[in-house]
Amino acid sequence: MTALPCTIYVTFTGALLALVVGSRSAVAARVVALVTALTAWGLTLWAAVGFVPQAGLQTLVDAPWIAEMGIRYHLAVDGISLTLLVLTGLAATAGVLFSWNIEERVGEFFGLYLALIGGVYGVFMSADAFVLFVFYEIAIVPKYFLIANWGSTNREYGAMKLVLYSFAGSALVLAGLLWAYAAGGGHSFALGDLAASAVNFTRGQQLGMFALVFLGFAVLAGLFPFHTWAPTGHVAAPTAASMLLAGVVMKLGAYGCLRVAMATFPVGLAYFAPVIAWLAIIGIIYAGLVALVQEDFKFVIGYSSVSHMGFVLLGLAAANPVAVSGAVLQMFSHGVIAGLLFAVVGRIVYERTHTRQMADLRALPLHRLLPFAAVVFVIAGLASMGLPGFSGFPAELTILIGVWKTSPLWALVAATGVLVAAAFTLRAIQVSFFGKTERVDPNALHSAARPAVAPYPDPLHAHPLPPITWPEKAGALLLIAATVYIGLNPDSLLRWIQPALESPLFQAALKGGTP
């Protein structure tokens, strides 16, 4: 447990090393990034082995930082934090593997990539609201440069939109935290101290503070109607950045909603919960329907990501132990599955065919040209649909059971989102990988639909597309193993998550705002 803070220091050190060695050797930068990601992930797994779940945060580091303002460098974890720390290490490692093909300014790419990861580790361990906010901002800034410099479609627009939405949300969060800090006497930014002070706030203060902080974080979590940055950002981002955006960065928003807004201002949660729930339900269904009609393969995955994050926000709004534990489990599950989907679409398929248009992909027998990609995408699609045996099933089932306890109507309407998810996933599988089952003569294809690959007489035997590389296979198998393991053994995470919700910091929120 005491080694967990080293994940932050190792990752930031690795970012500097990658930047330095990358100017001399691209291979060295890749190796530094992979070793750094593996080391940090190994530290989270080592901590997980000896972790004893309990109610409340377990302090790792507590030292004064800005003593005059009561700001302390306070790092602590509970089962919720540890779940997301393990996810971060897994996503970071897989992202490096799927970025092995980066050739342009490799050191700068991995330096920014690891800096983002270091900020994420810091957010998930911060027990001081101000420190959490600092790490949160550190995680936001590299996203712009990763997308703007190494992205693809409308990359500058996508990067700017993402960052503007993120900073707008950050401004709301900071305003709410400063208000709570001042109203509490200006003594401390510790999460526990802010929650204790909030008990004495007026109802109006709690409502205002909760609205600012929750909405600010929820923007990054993809809450409808503030979700539009997400599909655009996902599509514009390079593969590793897409994996991180869906895998861990959106989880920063959901985590902030839970750890800061809900735990600190339970009266505000009780008042706004119905509004949050209905916005989440609208997001689940609306984003799913939009994904159903998309012709850009990556946009399908981008909107599906927003839809699945809606279940996380719905579980938080239900505000009971079952629903919230399901929401945290869904954070982990979605981080793994979405990362795998973006890896297949952005790296394996797009980098070889140079097209994401489903009409173009339909003209290719991708299930024969890229059988590994087809198999992996089918597995990831089934996991995304919530098929038993994969992590999506226990996560969404737990959420819906918990939501039913709060409002059967919410659960029934939200359950239609599962059907929509099945529809857009099956369509994506069929059109993109199995659209053509007969042997195709590329010279007979309409010029507008012809993919950007060299003509070949027999796609089954000519194999004109580059083979799948070992880093791609390793990254895919790593993520598949994670979703299958949690699907078959969800208690391995729930036994961490559920005791954490018994903390006094969460009890008022889970009791409808009653201390």
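The following exchange examines how several labels applied to this predicted model are justified.

Reader: What makes Glu103 and Arg30 a salt bridge?

Author: Their closest N and O atoms are 3.4 Å apart. The criterion asks for a side-chain nitrogen of Lys or Arg within 4 Å of a carboxyl oxygen of Asp or Glu, so the pair qualifies. The two residues are 73 positions apart, with Glu103 in the loop between α3 (79-97) and α4 (106-125) and Arg30 in helix α2 (residues 26-49).

Reader: Why is Glu103 called exposed?

Author: Glu103 has 61% relative accessibility, and exposed means over 50%, so the label applies. Arg30 has a relative accessible area of 7%; buried means under 20%, therefore Arg30 is called buried.

Reader: How do you know that Glu295 and Arg427 meet in a salt bridge?

Author: The N to O distance is 2.9 Å, and the limit is 4 Å, so the pair is accepted. Glu295 lies in the loop between α11 (266-292) and α12 (297-318), and Arg427 in helix α18 (residues 408-433), so the contact ties together parts that are 132 residues apart in sequence.

Reader: Why are Glu295 and Arg427 each described as partly exposed?

Author: The relative accessible area of Glu295 is 38%, and that of Arg427 is 22%. Partly exposed covers the range between 20% and 50%, so both residues receive that description.

Reader: What makes Glu472 and Arg352 a salt bridge, and where do the two residues lie?

Author: The side chains of Glu472 and Arg352 are 2.8 Å apart, N to O, and the cut-off is 4 Å, so they form a salt bridge. Glu472 is in helix α20 (residues 470-488) and Arg352 in helix α13 (residues 321-353), 120 residues apart. Both Glu472 and Arg352 are buried. A network of salt bridges links Arg347, Arg352 and Glu472. The whole structure contains 7 salt bridges.

Reader: How do you know that Lys161 has no salt bridge?

Author: For Lys161, the nearest side chain of opposite charge is Asp296, 14 Å away. A salt bridge requires a distance within 4 Å, so Lys161 has none. Lys161 is nevertheless buried. It is found in helix α6 (residues 155-183). Leaving aside residues up to four places away in sequence, Lys161 touches Thr228, Trp229 and Thr232.

Reader: Which charged end sits over the ring of Trp229?

Author: The charged end of Lys143 does, at 6.0 Å from the ring centre.

Reader: Which residues form an aromatic cluster with Trp65?

Author: Trp65 is in one cluster with Phe130, Tyr181 and Phe189. The count of aromatic pairs comes to 20.

Reader: Why is strand β2 said to be largely enclosed by the rest of the structure?

Author: Strand β2 (residues 71-77) has 7 residues, of which 6 are buried, so the strand is described as largely enclosed.

Reader: What makes β1 and β2 a pair of strands?

Author: 7 bridges join strand β1 (residues 58-66) to β2; pairing needs at least two bridges, so the condition is met. The two strands run antiparallel. Across them, Ala63 stands opposite Tyr73, and Pro64 has Arg72 as its bridge partner. The hairpin has 4 residues between the strands, and Gly70 takes a positive phi near 70° there.

Methods:
Residues numbered from 1 in each chain as written. Predicted model: local features only at pLDDT ≥ 70, side-chain atom pairs only at ≥ 80, totals over all residues. Heavy atoms only, no water. Buried < 20%, exposed > 50% of the residue type's maximum accessible area, 1.4 Å probe, protein only. Lys, Arg positive; Asp, Glu negative; His and termini not counted. Contact = heavy atoms within 4.5 Å. Phe/Tyr/Trp six-rings, centres within 6.5 Å; stacked < 30°, edge-to-face > 60°. Lys NZ or Arg CZ within 6 Å of the ring centre and 35° of its normal.
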